[in-house]
Every structure is written in C-alpha cells, then in structure tokens.
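Q: Could you take me slowly through one part of this model, namely the aromatic rings and the enclosed space, and then go on to the charged side chains? I am in my first year, so please explain each step.

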Amino acid sequence: MTAFIWGMSFAFQKEGVTTISPFTFGASRCTLSAIAVWIVALICERGKTRTAEYKKTTIKGGLICGVFLTIACNLQQIGLVQTSAGKGAFITALYMLIIPVIGVLFLKQKIGKRAWIAVAIGVAGMYLLCISSEFSIGRGDIYVLGCALFFALQMLAVDKYAPNANPLFMSAIQFTMNAIVSGAIALIFEHPNLAALSSVTVQILYCGLFSGGLGYTLQMVGQRMTDPTSAGLLLSFESVFGALGGALMLNERMSARELIGAFIMFFAIMLIQLPNKKISSRSLDERKKK
C-alpha cells in the first residue's frame, strides 16, 4: 500500500518542485502531514497508559527518523528540479541495495543469499523500467543519490525503534521536524508566497496527506513486522506504480523495455517474500507481539 501511494505521488511531486521552490514545497507538504498524523495519533492514544521507556523510545525514534527524513526529502526535492522523473525514481530506489550493505557492514546483520539475488534482480528491473537512454550522472542525480542513502538510514532507524514504540507518534515527530527545518530554510532563502502555493494546492494536498501522512505511517506500521531488506525491496516497487500512474494520469505509455523491467521487479519482490526455512519465524512473532 505504501509503495502504491508513494508511486502515484511521484507525478504530483515533480509538478510541485517545478512550479515552486523545493524547500517551500517540502515544508508545505510536511506541515500538512504533521497536522494530520498528530490528530490521528492523539485520537488513537487517548486514554491509553504507556510506560516511560515506551514514550522515551517513541520520541528518540521519531527524532532520529526525522533527521534522516528531512535530509532525504530535501535532497530529493532539489535533485528532481535538475534530473528527469524516471532517472530520479531509479536512483532513489537504490535504497533497496544500500540497506543490506549498511546492515552487513555496520550493523552486523546476516543477509541470506536469496535476498542479495533478489536485490540484484530488482536493481536490474528498476534500470530497465526507469532508464531509457545511456546512463549518465549529473548534479541533480548526485543529490538524489544522497537522498537514497538517507532514505535507507531512515528505514533502518524505523526498523530499530518502531517495534518498541508508537509508530503514529514517531511519524508525527519526524514530519514536525521536517516541516520546521524545511520551513526555516524556505523563509530564509526562498521567500514563499500564497499565490505560488495556491497554484500547487492539489499537489501539496496529495503529497502531504497521502504520500506523507498516510504513506510514511503505513511504512512504520508495516516495518514492525518485516525486516528492512524485504521492506526496502517492497517499497522500491513504487517506481512500477509511478510508471502506471504516469500512464493513467498523464497518458504516458510504457514501452516493452519498461514492461519487462516492471515484470522483473515483481519477480524479485516475490522471490524475497518466499518463506525461508533456515530463518526461524521467532523473530517475526516477536515483532508482532511488540
């Protein structure tokens, strides 16, 4: 569901950052996301008693995720001004490869052979889906590559804190941080105005309420019951939905190459989701209980 929501939002986001400045767009959508998630979180938590440790973990997790999300979103917004939507989608989705690499090198996580194979197949499918000409690296691509790194770090932070915290409040905290930081930068360097914001009302509403408020909250809830490598590959399928959204909303047609890439990605996702008898289901059961 998250991949679908994020994929469909790509066209809205591209339109937004080409109409108004990146930090202004980011601050607007995240302010809307923060308000929506705070309302839902406060309603859902009304009357519930939580331990001090639970609250501490929620706040800490939300702040750490907020730092990574703020950097990632703004790098992506800036990069999308200078690179194509297809290439931006491909480079962003490289977080599915970065996640297991960070897990192995720095977090001492054990990644099965099948996961590595699935990630490699997924990257190949993503390339066919999003890159239609000779691949080259420009300034905008470098920004988006940095965005992929910080999205990977955000997902790993969610994996660490969400199982022992409140995902709604974590999501609200990270959006609040993003809105404050992006808003401050926008006021200093971009001088936003209401006329410009009103011209992209639909884009801000979708990216704020659906892609932001609903999408990232679903991500946190879902990652309570799956590992970050599998989650990363599942979420990278947003590029397939993005291509489908372009065909439906912008009358874009998928070429044979793009269709093959989408099929390869679907195969990779099915591969990584197959049950693995060598890995005990105990860890998944523990996540569900938490």
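A: What follows goes from the aromatic rings to the cavity, then to the salt bridges, and ends with a few single residues. Please keep in mind throughout that the model is predicted.

Let us begin with the rings. A pair of aromatic rings is described by the distance of the centres and the angle of the planes. The structure holds eight aromatic pairs, and two of them can be followed here in detail. In one of these pairs, the ring centres of Phe-12 and Tyr-206 are 4.7 Å apart and the ring planes meet at 20°, so the pair counts as stacked, given that planes under 30 degrees apart are called stacked. Phe-12 belongs to helix H1, which covers residues 2-19, while Tyr-206 belongs to helix H10, which covers residues 201-223, so this pair ties together parts that are 194 residues apart in sequence. Both Phe-12 and Tyr-206 are buried.

The other pair has another geometry, since the centres of the rings of Trp-38 and Phe-169 are 5.6 Å apart and their planes stand at 65°, which makes the pair edge-to-face; the cut-off for that word is an angle over 60 degrees. Trp-38 is found in helix H2 (residues 22-45) and Phe-169 in helix H8 (residues 167-189), so parts that are 131 residues apart in sequence are tied together by this pair. The two partners can also be described by their accessibility: Trp-38, at 29% relative accessibility, counts as partly exposed, whereas Phe-169 is buried, with a relative accessible area of 18%. Here the cut-off needed is that buried means under 20%.

Rings can also be grouped beyond pairs, and Trp-6, Phe-175 and Tyr-216 form one aromatic cluster. A ring can have a charge above it as well: the charged end of Lys-160 sits over the ring of Tyr-161, at 5.6 Å from the centre of that ring.

Two members of the cluster lead us on to the enclosed space. Counting cavities of 30 Å³ or more gives one cavity, and the largest cavity holds about 200 Å³ of space. It is lined by 19 residues, of which Trp-6, Gln-76, Phe-151, Tyr-216 and Glu-238 are the closest to its centre; Trp-6 and Tyr-216 are thus names you have already met in the aromatic cluster. The lining draws at least two residues from each of H1, helix H3 (52-82), helix H4 (85-92), helix H7 (139-161), H10 and helix H12 (238-249). H1 gives the most to this lining, with four residues. When the lining of the largest cavity is sorted by class, there are nine nonpolar, eight polar and two charged residues.

Now we can turn to the charged side chains. Side chains of opposite charge can pair when their charged atoms come close. A search of the whole structure finds two salt bridges. In one of them the side chains of Lys-48 and Glu-45 meet, at 4.0 Å from N to O, and in the other the side chains of Glu-45 and Arg-50 meet, at 3.0 Å from N to O. Salt bridges that share partners join Glu-45, Lys-48 and Arg-50 into one network. The accessibility of these residues can be read one by one: Glu-45 is buried, with a relative accessible area of 13%, while Lys-48 counts as partly exposed at 47% relative accessibility, and Arg-50 is partly exposed, with a relative accessible area of 31%.

Finally, some single residues are worth finding on the model. Gln-154 lies in helix H7, and at 1% relative accessibility Gln-154 counts as buried. Between Gln-154 and Ile-99 there are 9.8 Å in space, C-alpha to C-alpha, although the two are 55 residues apart in sequence. Ala-41, in helix H2, counts as buried at 0% relative accessibility, and the C-alpha atoms of Ala-41 and Phe-267, which are 226 residues apart along the chain, are separated by 36 Å. His-191 sits in the loop between H8 and helix H9 (194-198) and counts as exposed at 57% relative accessibility. The phi angle of His-191 is near 50°, a positive value in a residue other than glycine.

Technical notes: Residues are numbered from 1 along each chain as its sequence is written. This is a predicted model: local features need pLDDT of at least 70, side-chain atom pairs count only at pLDDT 80 or more; totals for chains, interfaces and linings use all residues. Side-chain values use heavy atoms; hydrogens and water are left out. Rings of Phe, Tyr and Trp (its six-membered ring) pair if their centres lie within 6.5 Å; planes under 30 degrees apart count as stacked, over 60 as edge-to-face and the rest as tilted. Buried means under 20% relative accessible area, exposed over 50%, partly exposed in between (1.4 Å probe, protein chains only). A charge sits over a ring if NZ of Lys or CZ of Arg is within 6 Å of the ring centre and within 35 degrees of the ring normal. On a 1 Å grid over the protein atoms alone, a cavity is a set of points where a 1.4 Å probe fits but cannot get out, and a pocket is an open set with protein on both sides within 12 Å along at least five of seven lines; lining residues have an atom within 4 Å of a point. Grid points are joined across faces, edges and corners, and a volume is the space filled by probe spheres set on the points. Ala, Val, Leu, Ile, Met, Phe, Trp, Tyr, Cys and Pro count as nonpolar, Asp, Glu, Lys and Arg as charged, and the others, Gly among them, as polar.
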